[in-house]
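This report walks through one protein chain, starting with a helix pair and ending with single residues. Please keep the sequence and the 3D view open while reading.

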Amino acid sequence: MKILKPLWITGGFISLGLGITGIPLPILPTTPFLLFSAFCFAKGSDRLDKWFKSTAIYKKHLESFVTSRAMTLRTKLCCLIPASIMLTFAFIGMSRNDCIGTRIGRAFVIIALIFKYVYFFTRIRTISKSEAENLKNNVVAKNSKAANE
């Protein structure tokens, strides 16, 4: 729908801004925001989707994941550790009184921490840095071949 396209585009730029901010700041996870940007741009505009996929940020942080559902260990840890720190702060910051809401909140945080690591290490393939470079080179070759046709 045409009404939703500006919302998708706005969400894409907000998420892109947060993702770029998260590159130097360990408190913000970069990859989830960039993934959401890619999703929003794909929904909102073909032109912005193509532009985003041609940026160095996309190629460095997302391309190997999007093309092969694989990440280097470093990329995985760069996603997981900041989010784990934030969840740990949430766990510690919950009030110390012994009410059901606190217990449920803390249980939710523990489940989220466990799920996150299980998902990243069982559903997303871990590749070496050289494999990641090979994937990037294959994608670049494929894109240049498609552009020449």
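Helix 1 meets helix 2 through a long list of residues in this predicted model. On the helix 1 side the contacts come from Lys5, Trp8, Ile9, Gly11, Gly12, Phe13, Ser15, Leu16, Leu18, Gly19 and Gly22. On the helix 2 side they come from Thr30, Phe33, Leu34, Phe36, Ser37, Phe39, Cys40, Phe41, Lys43 and Gly44. The two axes lie 7 Å apart, at an angle of about 160 degrees. That angle is over 145 degrees, so helix 1 is roughly antiparallel to helix 2. Their crossing is left-handed.

Helix 1 also packs with helix 3. Here the angle is about 20 degrees, and the axes are 11 Å apart. An angle under 35 degrees counts as roughly parallel, and therefore helix 1 and helix 3 are given that description. Ile9, Phe13 and Leu16 of helix 1 make the contact with Leu48, Trp51 and Phe52 of helix 3. This crossing, too, is left-handed.

The table sets out both pairs.

| Helix pair | Angle between axes | Axis separation |
|---|---|---|
| Helix 1 and helix 2 | about 160 degrees | 7 Å |
| Helix 1 and helix 3 | about 20 degrees | 11 Å |

**Helix 1 itself**

Helix 1 covers residues 4-22, which is 19 residues. From first C-alpha to last it reaches 27 Å, close to the 27 Å expected at 1.5 Å a residue. Which residues of helix 1 are buried? They are Gly11, Gly12, Ser15, Leu16, Gly19 and Gly22. Seen down the helix axis, these buried residues fall within an arc of 140 degrees, so they line one face of helix 1. They pack against helix 2 (30-44) and helix 3 (46-53).

**The chain as a whole**

The protein chain has 8 helices and 2 strands. From the N terminus, its elements run α-α-α-α-α-β-α-α-β-α. The chain has 149 residues, and buried residues make up 31% of them. Take the contacts between residues at least 6 apart in sequence: 64% of these join residues at least 24 apart.

**Three single residues**

Arginine 69 sits in the loop between helix 5 (63-68) and strand 1 (70-72). Its phi is near 50 degrees, a positive value in a residue other than glycine. Is arginine 69 buried, partly exposed or exposed? Its relative accessibility is 38%, so arginine 69 counts as partly exposed.

Threonine 102 belongs to helix 7 (residues 100-122). Why does threonine 102 count as buried? Its relative accessible area is 9%, and the cut-off for buried is under 20%. Leaving aside neighbours within four places in sequence, threonine 102 is in contact with Met94, Ser95 and Asn97.

Glutamate 131 lies in helix 8 (residues 129-148). At 36% relative accessibility, glutamate 131 is partly exposed. Where does threonine 72 stand relative to glutamate 131? The two are 59 residues apart in sequence, yet their C-alpha atoms are 8.6 Å apart in space.

Definitions and conventions: Residues are numbered from 1 along each chain as its sequence is written. This is a predicted model: local features need pLDDT of at least 70, side-chain atom pairs count only at pLDDT 80 or more; totals for chains, interfaces and linings use all residues. Side-chain values use heavy atoms; hydrogens and water are left out. Helices (H or I, at least four residues) and strands (E, at least two) are DSSP runs, numbered from the N terminus. The expected span of a helix is 1.5 Å times one less than its number of residues. Buried means under 20% relative accessible area, exposed over 50%, partly exposed in between (1.4 Å probe, protein chains only). The arc is that of the directions from the helix axis to the C-beta atoms. Contact means heavy atoms within 4.5 Å. Axes are lines fitted to C-alpha atoms, for helices over the stretch in contact, and angles run from 0 to 180 degrees between N-to-C directions. Angles under 35 degrees count as roughly parallel, over 145 as roughly antiparallel, 65 to 115 as roughly perpendicular and the rest as oblique. A crossing is left-handed if the near helix is turned anticlockwise from the far one by less than a right angle, and right-handed if clockwise.
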